[in-house]
Amino acid sequence: MSNALMNSLLPETNANFPQLKPGDTVRVHQRITEGRNERIQVFQGVVIAMRGGKSAGATYTVRRTAAHGIGVERTFPLYSKTVDKVEVLRNAKVRQAQLYYLRERSGKSARLKEKRFIKS
Amino acid sequence: MRGILGKKVGMTQLFDDSGEVIPVTVIEAGPCTVTQVKTTDSDGYNAIQIGFEETAERKLTKGQRGHLAKAGAANLRRLRELRYEDAPAFSAGDVIKADIFEEGDFVDVTGISKGKGFAGTVKRHGFAGGPKTHGQSDRHRAPGSAGAGTTPGHTFPGMRGPGQMGNKRVTVQNVKVALVDAERNLLAIRGAVPGARGSLVLIREAVKKPKQA
């Protein structure tokens, strides 16, 4: 019962919040408040890890390759209020739950194969 | 003093409006029934006795059942007394719910801490222990010296040493109430609270209220 009680306190995810999977290429729109100004910052990359399952502290890590082949990773809380929306651009076929091997790769070898099936 | 009994459910986290994570302890608080009212006239001081957690009739003694029946309360397992200046305003049988607190209130939470058994000084008092290398034997977690020699000839009282750790009444003061859900009798309190999950906690208005900024 205690678990049910705790789960009931989980923040609701947006209805339009997609189910993420490792290997997905996503655009994360995050609201950033600077003083009084609020703007949206977009972070686009590959989901390389989902941690924490369905717990309140669950996170996902997005990796992108910035200028000069520098890898940038950001970890977002799954239930973060500052994330406005997440768009899934691509699903990839991956065989690992955590794609940390992408860290050692760049260029051609860092590509992921797209999933080929029609989503219903 | 406002107060309520509850059962620790566990810890989780919430997000505040700015999106920051607040670690919270969830407590199933109340509903508590006032089982006895003590006033200056009747007992020399003002207090209320509150009961929490229903139990089977056979688990209570006849005396306890009689006491609860007098207040018209259910078979409650836990009774605690709270000093309460406004005690005459209550009558036996009144129900106290989690909504006596609101978000942002500062409270003190009392519980029985988790027992660690007979613990050494390293665990119990944070002593550094001895060196791990350079030919040490049996000195790794030793407490070190307990004082001088022939003068004074004894160990000073209050010297920290090994002993029972935990399983002791502990109060955390000035913790903020992060969430109140009176319907489901839930309180979320910022930070950690003494005790194991499922153990009884007493939540009271903070004695040392922090200055309002």
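Three short exercises on this predicted model follow, each with a worked solution.

**Exercise 1. Place strand E11 of chain B in its sheet: which strands pair with E11(B), and in what sense?**

Step 1. Take strand E2 of chain B, residues 21-29. E2(B) pairs with E11(B) in the antiparallel sense, over five bridges. One point of contact: B:Thr25 has B:Ile189 of E11(B) as its bridge partner.

Step 2. Take strand E10 of chain B, residues 169-181. E10(B) also runs antiparallel to E11(B), with four bridges between them. Here B:Ala188 in E11(B) stands opposite B:Leu179.

Step 3. Check the connection. E10(B) and E11(B) form a hairpin, with four residues between the strands. In the turn, B:Asn185 has a positive phi of about 55 degrees.

Step 4. Now ask why E11(B) is largely enclosed by the rest of the structure. Strand E11(B) covers residues 186-190, and four of these five residues are buried, so the strand is largely enclosed. Buried here means under 20% relative accessible area.

**Exercise 2. Find the aromatic cluster in chain A: which residues do ring pairs link?**

Step 1. Count the pairs. Over all chains there are three aromatic pairs.

Step 2. Trace the links. Ring pairs join A:Phe43, A:Tyr60 and A:Phe76 into a cluster.

Step 3. Look for a charge over a ring. A:Arg74 lies over the face of A:Phe43, 5.8 Å from the ring centre. The cut-off for this distance is within 6 Å.

**Exercise 3. Divide chain B into domains: what are the bounds, and how far apart are the C-alpha centres?**

Step 1. Read the bounds. Domain 1 of chain B takes in 3-116 + 169-205, and domain 2 takes in 120-165.

Step 2. Compare the centres. The C-alpha centres of domain 1 and domain 2 of chain B are 40 Å apart.

Note on methods. Residues numbered from 1 in each chain as written. Chains lettered and ligands numbered in written order. Predicted model: local features only at pLDDT ≥ 70, side-chain atom pairs only at ≥ 80, totals over all residues. Heavy atoms only, no water. Domains from an automatic or database assignment. Phe/Tyr/Trp six-rings, centres within 6.5 Å; stacked < 30°, edge-to-face > 60°. Lys NZ or Arg CZ within 6 Å of the ring centre and 35° of its normal. Buried < 20%, exposed > 50% of the residue type's maximum accessible area, 1.4 Å probe, protein only. Helix = DSSP H or I, 4+ residues; strand = E, 2+ residues; numbered from the N terminus. Pairing = 2+ DSSP bridges.
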